[in-house]
Amino acid sequence: MLLDELSGWYGEPRTLARGGCVDPAVTESTGLPLLVPFGQDLIEMHAWAAGGRWIGCGTTRTSDGVQTVVLIAKRAAPSLEWLPEDASWVYRVVAVTGWEAAGPHVVDWPAAEAQLGTALPSDYKRLVELFGCGAFDGYLHVYLPDTSHSDIVRHSEWLARWAEVHGNRQWEPYRLYPASGGLLQWADSEQADSFFWLTEGPDPDKWPVLAREDDGTTYRFDGSTAEFVYRLLTDPQQPFSTARHFGAHWFQSYGSPKPEDD
C-alpha cells in the first residue's frame, strides 16, 4: 500500500482525518496545510513532517468516486519566539521540532538502569518519554530500552562483550562502559557517527557527550544530552549539526517500541 511505502520512508504518520472527520486539534504547525485543498470532500489524511515540507497521503471524494491523493505542502519552521528564557533543553527540543506526541512512552527505567548497572541522565529519559523511538531530522537515532530499534541495554552489553574479545583500541584513549569513566552509547546516525556519554563521576546529569565520527574523530560536548540535541538541530557551527542542511526540524517517529525477541 502507498501509505505503508511512505511510512517506510518518513516514519510513523500523524492521522489528521479519518472517516471524513478532521481532528479538531490540527493546526498550521501540525499539518493543516494538507487539508485546505479538499474541504468537505476529504475522507482521510495522514501526514509526515520532513524539513520544510509536509507530506500527505489520503483519500477524497470526487465525481468519479473515492480517489487516493498524495501531496506536498510547505511547512514553516516552528517559531521559538514564545519560548521563555528559562525553558528547559528538553522543552526547547520539543519546540524546535514542533513535536506533539500522542501520549507519553512508558519505560521501566529502574529495570533498564539495573541491567546497565548505572542511573541514566534525567533529560535523556525525558526525551525518550516524550518522543519515543525515532530520529531527529532523520539523522540522530536515539537508543532506548525494550525496543527492536537499537536497545540501549542490549547494545551496551554487546559492545562490552566485543571489547572483552577485541580490546578497546578503536576507542582509545577512552574505554567502553562498564569500565570506570567508560563510553556508554546512547545514539547513532545514518552516517555511522556514534554518540556516547563519558561516564565520568557518579552523577549522570553531569556526564559530557562524546560524539565520534566513523574515522575516529571525536568531539566532546560539556553539556546535557538534551542541550546537545538542541544545538545539533539549531547551531550550524556545531560539529554534526543538521542546521546546515535544514531550516525546519522534525522528529521521524518509528512508532511504538517493540521488544526484541530473545
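The paragraphs below follow one helix, the nonpolar cores and a cavity through this predicted model.

Helix 2, which spans residues 89–97, is mostly covered, since 7 of its 9 residues are buried. The buried positions are Val-90 and Arg-92, followed by Val-93, Val-94, Ala-95, Val-96 and Thr-97. Among the elements that cover these buried residues are two helices, helix 4 (122–131) and helix 6 (225–234), together with two strands, strand 6 (134–136) and strand 12 (251–253). After helix 2 comes Gly-98, a residue with a positive phi, near 65°.

Turning to the nonpolar cores, the largest of them has 41 residues, of which Tyr-124, Phe-136, Leu-140, Trp-186, Phe-195 and Trp-197 touch the most other members. Helix 6, which also helps to cover helix 2, gives the most to this core, with 6 residues. Once neighbours within four places in sequence are set aside, Leu-140 is in contact with Gly-134, Ala-135, Trp-186, Ala-187, Asp-188, Phe-195, Val-229 and Leu-232. Another core lies apart from the largest one and has 15 residues, including Leu-35, Ala-47, Trp-54 and Ala-73.

What remains is the empty space, where the count comes to 1 cavity of 30 Å³ or more, and the largest cavity holds about 30 Å³ of space. Its lining is formed by Leu-127, Val-128, Phe-131, Gly-132, Phe-136, Val-142 and Phe-251, and helix 4 supplies the largest share of that lining, 3 residues. By class, the lining of the largest cavity has 6 nonpolar residues, 1 polar residue and no charged ones. Phe-136 thus appears both in this lining and among the residues that touch the most other members of the largest nonpolar core.

Terms used: Residues are numbered from 1 along each chain as its sequence is written. This is a predicted model: local features need pLDDT of at least 70, side-chain atom pairs count only at pLDDT 80 or more; totals for chains, interfaces and linings use all residues. Side-chain values use heavy atoms; hydrogens and water are left out. Buried means under 20% relative accessible area, exposed over 50%, partly exposed in between (1.4 Å probe, protein chains only). Helices (H or I, at least four residues) and strands (E, at least two) are DSSP runs, numbered from the N terminus. Contact means heavy atoms within 4.5 Å. A nonpolar core is a set of buried Ala, Val, Leu, Ile, Met, Phe, Trp, Tyr and Cys residues joined through side-chain atoms within 4.5 Å. On a 1 Å grid over the protein atoms alone, a cavity is a set of points where a 1.4 Å probe fits but cannot get out, and a pocket is an open set with protein on both sides within 12 Å along at least five of seven lines; lining residues have an atom within 4 Å of a point. Grid points are joined across faces, edges and corners, and a volume is the space filled by probe spheres set on the points. Ala, Val, Leu, Ile, Met, Phe, Trp, Tyr, Cys and Pro count as nonpolar, Asp, Glu, Lys and Arg as charged, and the others, Gly among them, as polar.
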